[in-house]
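User: Could you walk me through this structure? I would like to go over its strands and its internal spaces.

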Amino acid sequence: MMTPSRRRALRLIAAASLAALPQLATAQAYPTKPVKIIVPFAAGGRADALARMLAQGLQEQMGQPFVVENRGGASGSLGSDLVAKAPPDGYTLLLASTGTQAILPKITTKLPYDADRDFTPIALMVESYSFIGVHPGVKANNLKEFVDLARARPGEFNYASSGVGTYNHFAGEFFNIAAGTKITHIAYRGSGPSVNDLVAGHVQMMIGGEFVEVAQAGKVRILATTNPQRWPGLPDIPTMKEAGLAEFSAPPLWFGLLGPGGMPRELVEKLNQAANKAMSDPKTVERVKAAASIVRSESTDAFASLIKAEQKAFGDVAKQTNMKFEE
């Protein structure tokens with residue numbers, strides 16, 4: 001004979017199963033129309049290129065257009081806000097980065113959204129290499145010579161970033177602190193314009209990976225990588241520690257896919273698997289390598305944990321250095 005408590009437990013299980021059916025059906029049918037991937041930066045940078053690689057792979061797998069839309073501005077928060085306020089149905093996604101999710105929420109009080117509550121981590125895509133790049137006109141052949149030169153000429157050199165509060169900006173300020181230099185920050189609306197001005201000599205330094213191709217053409221001199229290991233694509237370029245500046249220890253830059261907060265778990269898992277498959281395509285892996293990055297495939301939970309850990313790491317550094325970036 002079935003006891004009352006057992007009957008109640010079975011009713012609860014049945015109710016939970018019925019409640020999950022609409023979400024499961026939605027995930028199975030998705031997508032039934034075009035999907036937007038918002039890139040919160042100007043066209044021409046690493047984020048834009050990665051979003052287009054991902055969009056192509058997802059479109060081939062899922063049979064619907066995945067359309068990349070660049071909505072740069074406010075250091076990535078403008079485009080991020082569009083996704084934060086979108087319905088959690090998977091049709092508006094965000095190409096996010098260390099800057100938008102781990103740095104910006106810790107150095108500004110003016111975001112129009114809650115970086116934790118209003119986004120759903122879906123898939124970590126890549127870990128990117130960053131480098132110290134200087135214009136060839138700078139009289140320094142290695143990192144030590146550049147640090148010595150910048151220390152001797154405080155305020156005379158500038159460094160570029162893709163926007164206030166971005167990874168480039170944070171890395172540049174951290175470089176100043178670690179090296180004891182006073183290199184002035186110049187913010188641009190995206191990576192493309194900042195690299196153009198580095199090549200033109202309007203700024204003397206930039207920390208990033210967007211200029212690797214022009215560096216290989218001799219238009220930028222790379223002095224070191226900020227990652228803890230050398231990049232196989234430039235095996236002769238030392239790490240910061242090897243170059244004599246071990247004090248610089250900012251976490252590597254990453255890019256990943258997020259959606260609005262509250263997305264159904266089944267839909268998130270479906271997108272995670274599709275994104276990991278898209279990025280692991282051999283042709284995509286080679287294109288990612290050419291962009292000074294490596295593919296990273298993680299579960300949604302592992303990606304969420306990475307964001308939390310790096311929020312703490314960058315938050316701690318921001319507090320220690322009193323870094324506050326407000327537009």
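What follows is a short exchange about strands, a cavity and a pocket.

Analyst: Please keep in mind throughout that this is a predicted model.

User: OK, how are the strands ordered in the open sheet?

Analyst: Six strands make up the open sheet, in the order S2-S1-S3-S10-S4-S11, and their pairing is mixed. At the edges are strand S2 (66–70) and strand S11 (293–295), each of which pairs on one side only. From one strand to the next, the twist averages 30°.

User: And how do S1 and S2 run relative to each other, parallel or antiparallel?

Analyst: Strand S1 (residues 35–39) and S2 run parallel and are joined by five bridges, with Val39 standing opposite Asn70 in S2.

User: Switching to S6, are its faces covered or open?

Analyst: Both faces of strand S6 (residues 158–161) are covered, since Asn158 and Ala160 are buried on one side and Tyr159 and Ser161 are buried on the other.

User: Why would neighbours in a strand end up on opposite sides?

Analyst: That is because side chains in a regular strand alternate between the two faces of the sheet.

User: Which strands does S6 pair with?

Analyst: S6 pairs in the parallel sense with strand S7 (residues 184–187) over four bridges, and Ser161 stands opposite Ala187 in S7. The chain gets from S6 to S7 through helix H6 (residues 167–179), in a β-α-β crossover that is right-handed. S6 also pairs in the parallel sense with strand S8 (residues 205–208), over two bridges, and there Tyr159 stands opposite Met205.

User: Now the empty space: how many cavities of 30 Å³ or more turn up?

Analyst: A search of the whole structure finds one, and about 180 Å³ of space lies in this cavity. Its lining has 18 residues, with Phe41, Ser162, Asn168, Ser191 and Phe255 nearest the centre. Two or more lining residues come from each of H2, helix H4 (98–107), H6 and strand S10 (253–260), and the largest share, three residues, comes from H2.

User: What classes of residue line the cavity?

Analyst: The cavity lining divides into six nonpolar, nine polar and three charged residues.

User: And what about the largest pocket, what is its volume and what lines it?

Analyst: The largest pocket has a volume of about 320 Å³ and is lined by 17 residues, among which Arg46, Gly209, Glu210, Glu213 and Ala291 lie nearest its centre. Helix H2 (46–62), helix H7 (191–200), helix H8 (212–216) and helix H10 (282–290) each supply at least two residues of that lining, which by class has eight nonpolar, five polar and four charged residues.

Conventions: Residues numbered from 1 in each chain as written. Predicted model: local features only at pLDDT ≥ 70, side-chain atom pairs only at ≥ 80, totals over all residues. Heavy atoms only, no water. 1 Å grid on protein atoms, 1.4 Å probe; cavity = no way out; pocket = protein on both sides within 12 Å on 5 of 7 lines; lining within 4 Å. Points joined across faces, edges and corners; volume = space filled by probe spheres on them. Nonpolar A, V, L, I, M, F, W, Y, C, P; charged D, E, K, R; others polar. Buried < 20%, exposed > 50% of the residue type's maximum accessible area, 1.4 Å probe, protein only. Pairing = 2+ DSSP bridges. Right-handed = clockwise from strand over helix to strand, strands pointing away. Axes fitted to C-alpha atoms, helices over the stretch in contact; angles between N-to-C directions.
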